[in-house]
Structures are given as structure tokens and as C-alpha cells.
Amino acid sequence: MPLSLVPPPIRFDQSLERVEADEAETVEQLIETLTRINETTLAHEKHAHRSVHAKSHALLTGELIVPDDLPRELAQGIFGRAGRYPLVMRLSTVPGDLLDDSVSTPRGMAVKIIGVEGERLPGSEGDVTQDFVLVNGPVFAAPNAKRFAASLKLVAATTDRAEGAKKALSAVLRGTERVIEALGGKSTTLLSLGGQPETHPLGDTYYSQVPLRFGDYVVKFSIAPHSPNLTALTDAELNVNGKPNGLREAMVEHFAMQGGEWDVRVQFCTDPESMPIEDASVAWPEEKSPYIDVARIVVPPQPAWNATRREAIEDGLAFSPWHGVAAHRPLGSVMRARRVVYKVMAKFRAHHNGVDIREPRSMLELGL
């Protein structure tokens, strides 16, 4: 059946993006700052980690199931035909240093779907993967790459320092955030500094935050809990005080006995004024364009973390929205910056860890 959105989804057009003249300079600033974060954590940990989302809590394998009854507007890109695709999922927290989990920060989800077909994005020619990179909040911390580069300098200056102070600050910020949310608001700044509520990450909904092409259209992606055992964890408190790796322990415990299912959803851009492409800090109003299911992710019970998975997924893979098909081209300033920055950061990890980071063509290549 056709979509009932009013107004209807706008068609993708190159003119929706507005490239600023100094974006190349912004990318260089981002690379410089992120490299500084990498070098700091490398010196402390003796191992190269990601400059953001450094600490992972679950490394999972599963399957993407695309149904055979999607209407034409939803049957776009890799969702254009029914199928089942193997995938890898990485759940993490946002900072670039490996903090005690009692410093409560936003959570991330990265998904790599394997075996997809279609015209490829620049730099991923010959690959058969599609990545989605998401965070458990609907908006990005800055409107564009330039503003993000400025704020990241502060983050770099505090990387790997004064963890005790960060724990204390996190507790204060969580209390402040609870007051703000009780009044119907939300502060992305407080959340990013340590004010993330201490809830179970498996109950969170994750968002692309920034738009992507969806075949003929433009959307934001989201992955939301579907199975009852995950929806039961939404807003469920998870006290990890005294447990430096408490989030990982909770996920290992969950997946040892249970699996989980998530809905993959899209939110169509129906109004470029209230749903801007270039301002990633603006939430697209769901009353104008609700999220709509397009596929299901199924993850069976499994070891959520071990040495084999760390080698294959944590060190052996890189996740980027630019690993994918042209039909899901990333859009906007933040996404354009990620194209170069993510590649440089992956090379840093590969060099210092002595590993070959490559895109898998099958699950067999991962040895899991």
C-alpha cells in the first residue's frame, strides 16, 4: 500500500546539499584533533582504539531480514528486494577514551550488512557491504562539521585525564538531565559530557542523526528494539557503579541465554525547511513524518565478547556510512567530513595494531 504521508516524501536531488567553501580545511582540523585523541589513548593503552566510540560492549553477529511486501516507496536501495543478509553489530559508548562505565555517556550502534548488491559509493567499489552508524539520540551534537570540529578540541584536551573527576561530574549531570527531561526537554550537551541516564543500552533506540539517500528519497535511519525481551529493557535502570565494564558484563549475560530483534526504520524528509539536510542538530518532527519499518534485525544467543571477536570485529573491521551503495549515499556536512576522516582513522588503527582492516565478502572471512 502507498505511504500516507502528507505532504509526500521529497525526491532526492543533488541541490539539497550545500557544500561550504572551507570544508576541506574543516576535515583537516578534524583529522588533526582525532589523531591527537588516538595518540593519547595509544600511549596509555598500548593499543590503537577508535578516536570516537573507542569502548565497545558487545560484538555480535546476526541477520537482516527484508520482507517481500514493502510498498514501492519503501523498497529502495538494499531494501528493494526481499532477502536475508548476514551482519555484524558493534555496541559502544561515544568517547575516544576507555572510561569506567560509571561515566555515563551516549551509546552507539554500528551495523555492517554483508552481501548487498548495487552501484557503490566512491571509495567502496568492489565491496559488498552496507554500514549504518547510529547513536541513541535523534540529533547530532553539532549542526555541521565545522561546529563539531570546534567542540571536539575540548574533548581532545580532556581525553584520558581525571577519570575520578569525570565520574563525579557524570553523577551530577545525570541528575541535572533528569530534571530537564522531567520538564519535557533534553540536553545533548549534558548527555555527551556524562549525563546519559544509567539505563540498559539494549533497550535504547538508535538513530543515524544525519540524513542519507534512500533511493529516490531522503531519510534518517533508526534501529529500535522489537522483541519483548529488548523492549522490556527500555528505560530499565542498570547500575554499573563499581563495575568498570558493567555494560559489557550486562550484554554478555543477556546474549549468553537470549537473542534479540530490532526494527530497522526510516523517516522520510517531507519538508526541507523543518527537516534540514545541512543542520544535523535539528530533530525532524515525527508528527510530520513518523518512522516506518523496512526490515528486521535478528541476533541469536551467542558470546557477546571474547578474544576471537575482538580480533575479528574490534580490530579487524571499520564502520563507515561511506561503506555502501550509492542508493544510500550519506548527505550533509557531517557525513561529507566522515568520508575522509573515518578512512584516515582506520589507517591509524591498522598501522599501530599491525592488522589488515578490510571489508568482508562473507561471514566466513571473519572466522566467527
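Start by selecting Trp322 and Arg339: the charged end of Arg339 sits over the Trp322 ring, 5.4 Å from its centre. Keep in mind as you click around that this is a predicted model.

Next, pick Phe319 and Lys112. Here Lys112 lies over the face of the Phe319 ring, 5.0 Å from the ring centre. Leave Lys112 selected and add Asp131, because what you want now is their salt bridge, with N and O 2.8 Å apart. Asp131 belongs to strand E4 (residues 129-135) and Lys112 to strand E3, so this pair ties together parts that are 19 residues apart in sequence. Buried or exposed, these two, Asp131 and Lys112? Both are buried.

Stay on strand E3 and go to Arg107, whose side chain meets that of Asp204 in another salt bridge, at 2.9 Å from N to O. Arg107 lies in strand E3 (residues 107-114), while Asp204 is in the loop between helix H4 (188-193) and strand E5 (206-207), so the contact ties together parts 97 residues apart in sequence. Colour by accessibility if you like: Arg107 counts as buried at 3% relative accessibility, and Asp204 is buried too, with a relative accessible area of 10%.

Now jump to Glu17. Which residue does Glu17 form a salt bridge with? The partner is Arg336, and the closest N and O atoms are 2.8 Å apart. Glu17 is in the segment before helix H1 (23-45) and Arg336 is in helix H8 (residues 333-353), so the pair ties together parts that are 319 residues apart in sequence. Glu17 counts as buried at 12% relative accessibility, and Arg336 does as well, at 15%.

Before leaving the charges, show Glu17, Glu23, Glu278, Arg329 and Arg336 together: salt bridges with shared partners join them into one network. Over the whole structure there are 18 salt bridges.

Last stop, the rings. How many aromatic pairs does a search of the whole structure find? It finds 8. Zoom in on Phe79 and Phe214, a tilted pair with 6.1 Å between centres and 40 degrees between planes. Phe79 lies in the loop between strand E1 (55-66) and strand E2 (83-93), and Phe214 in strand E6 (residues 212-214), so they tie together parts that are 135 residues apart in sequence. Phe79 counts as buried at 1% relative accessibility, and Phe214 counts as buried at 0%.

To finish, widen the selection to Phe79, Phe132, Phe214, Tyr217, Phe221 and Phe268, which ring pairs link into a cluster.

Methods
Residues are numbered from 1 along each chain as its sequence is written. This is a predicted model: local features need pLDDT of at least 70, side-chain atom pairs count only at pLDDT 80 or more; totals for chains, interfaces and linings use all residues. Side-chain values use heavy atoms; hydrogens and water are left out. A salt bridge is a side-chain nitrogen of Lys or Arg within 4 Å of a carboxyl oxygen of Asp or Glu. Helices (H or I, at least four residues) and strands (E, at least two) are DSSP runs, numbered from the N terminus. Buried means under 20% relative accessible area, exposed over 50%, partly exposed in between (1.4 Å probe, protein chains only). Rings of Phe, Tyr and Trp (its six-membered ring) pair if their centres lie within 6.5 Å; planes under 30 degrees apart count as stacked, over 60 as edge-to-face and the rest as tilted. A charge sits over a ring if NZ of Lys or CZ of Arg is within 6 Å of the ring centre and within 35 degrees of the ring normal.
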